[in-house]
Amino acid sequence: NAKTGELGYSYSHAHNKEKRAKYWKDFRANRGDIQKGIRKLRNMSVDHLKASPTDTCLALVGLWGIRHGGEARTHDDGELTGMGAVDLRKQDIQIKGDGITLIYRGKHNRPQRFTKRNRTVAEAMAHHMEGKGRSDKIFDTSTSRNRKRFKELAGNTKVKVKDLRTDYAN
């Protein structure tokens, strides 16, 4: 890294091509289980999502296709960047009825804005926001908890939370 002086990894084009091919092969092999996990998330009741910040966070990733996150860091201007669902704070979310708008800075400091309608997720998110300050995280969960939970929902130890977003995009 030219700014920090830290050493990083640099892979050959052939290695990267091989890695991508393996990812897509694994994704195709596991897609049925990934979609099974998404169906379970889609069919969860509002009471279940209110009781489970982990499942509500996974629902955002699977039903909306946003990054999972977990790598948020403070930008030079003092604001968080590199965010995803697991990093969302109260100030990043606006809920009006069944409409939810998320506005935050994603990976590489890119502005993100998502607006969707989903009554169940909106109610659950409003519940998770209760009693929180503007800069408090909404979901009392972690990347490792989410990873473990999605494997349970899919019934497959090889699936990844990233697969939720890949499925949404494809």
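So, the lining of the second largest pocket: by class, that's two nonpolar residues, one polar and five charged. Keep in mind that this is a predicted model. The names in that lining are Tyr 11, Asn 16, Lys 19, Arg 20, Lys 22, Tyr 23, Asp 26 and Lys 160. As for volume, the second largest pocket holds about 170 Å³ of space.

Hang on to Tyr 23, Asp 26 and Lys 160 from that list, as those names come back when we turn to the enclosed space. How many cavities of 30 Å³ or more are there? The count is one. The largest cavity has about 40 Å³ of space in it. Around it you find Tyr 23, Asp 26, Phe 27, Asn 30, Lys 158, Lys 160 and Asp 163. Which element gives the largest share of that lining? That would be helix 1, residues 13–42, with four residues. Sorted by class, the cavity lining has two nonpolar residues, one polar and four charged. In general, you find this sort of empty space by rolling a probe the size of a water molecule over the atoms.

Okay, on to the largest pocket. Here we're talking about 440 Å³ or so of space. Thirteen residues, written 13 on my slide, line the largest pocket, and the ones nearest its centre are Arg 67, His 68, Gly 69, Glu 71 and Lys 162. Two elements, helix 5 (143–154) and helix 6 (162–169), each give two or more residues to that lining. Helix 6 has the largest share, with three residues. And the chemistry? Seven of the lining residues are charged, four are polar and two are nonpolar.

Gly 69 and Glu 71, which I just named by the pocket centre, also take us to Asp 87. Asp 87 sits in the loop between strand 2 and strand 3. Leaving out neighbours within four places in sequence, Asp 87 is in contact with Gly 69, Gly 70, Glu 71, Ala 72, Gly 82 and Lys 137. Is Asp 87 buried or exposed? Buried, because its relative accessible area is 3%, and the cut-off for buried is under 20%.

In that loop between strand 2 (80–81) and strand 3 you'll also find Arg 89. Arg 89 counts as buried too, at 9% relative accessibility. What does Arg 89 touch, again not counting residues up to four places away? Glu 79, Leu 80 and Met 83 are on the list, and so are Arg 134, Ser 135, Asp 136, Lys 137 and Ile 138. If you have the model open, look for Lys 137, which is a contact of Asp 87 and a contact of Arg 89.

Now follow the chain into the hairpin. Strand 3, residues 93–96, pairs with strand 4, residues 99–105, in the antiparallel sense, over four bridges. Lys 96 has Gly 99 in strand 4 as its bridge partner. There are two residues between the strands of this hairpin, and Gly 97 takes a positive phi near 65° there.

Next comes the loop between strand 4 and strand 5, where His 108 is found. Asn 109 is in that loop as well. What's odd about the backbone here? As a rule, most residues other than glycine have a negative phi. His 108, though, is not a glycine and has a positive phi near 60°. Asn 109, also not a glycine, has a positive phi of about 65°. On the surface side of things, His 108 counts as exposed because its relative accessibility is 60%, and exposed means over 50%. Asn 109 is partly exposed, with a relative accessible area of 25%.

Last stop, Arg 117, which lies in strand 5, residues 111–117. Arg 117 is exposed, with a relative accessible area of 64%. Which residues does Arg 117 touch, if you skip those up to four places away in sequence? Lys 96, Asp 98 and Gly 99, so we're back at the hairpin, because Lys 96 and Gly 99 are the bridge partners I mentioned. The side chains of Arg 117 and Asp 98 are joined by a polar contact of 2.8 Å. And Arg 117 and Thr 101 are 16 residues apart along the chain, with their C-alpha atoms separated by 8.9 Å.

Definitions and conventions: Residues numbered from 1 in each chain as written. Predicted model: local features only at pLDDT ≥ 70, side-chain atom pairs only at ≥ 80, totals over all residues. Heavy atoms only, no water. Buried < 20%, exposed > 50% of the residue type's maximum accessible area, 1.4 Å probe, protein only. Contact = heavy atoms within 4.5 Å. Polar contact = N/O pair within 3.5 Å; in protein donor to acceptor, adjacent residues only side chain to side chain. 1 Å grid on protein atoms, 1.4 Å probe; cavity = no way out; pocket = protein on both sides within 12 Å on 5 of 7 lines; lining within 4 Å. Points joined across faces, edges and corners; volume = space filled by probe spheres on them. Nonpolar A, V, L, I, M, F, W, Y, C, P; charged D, E, K, R; others polar.
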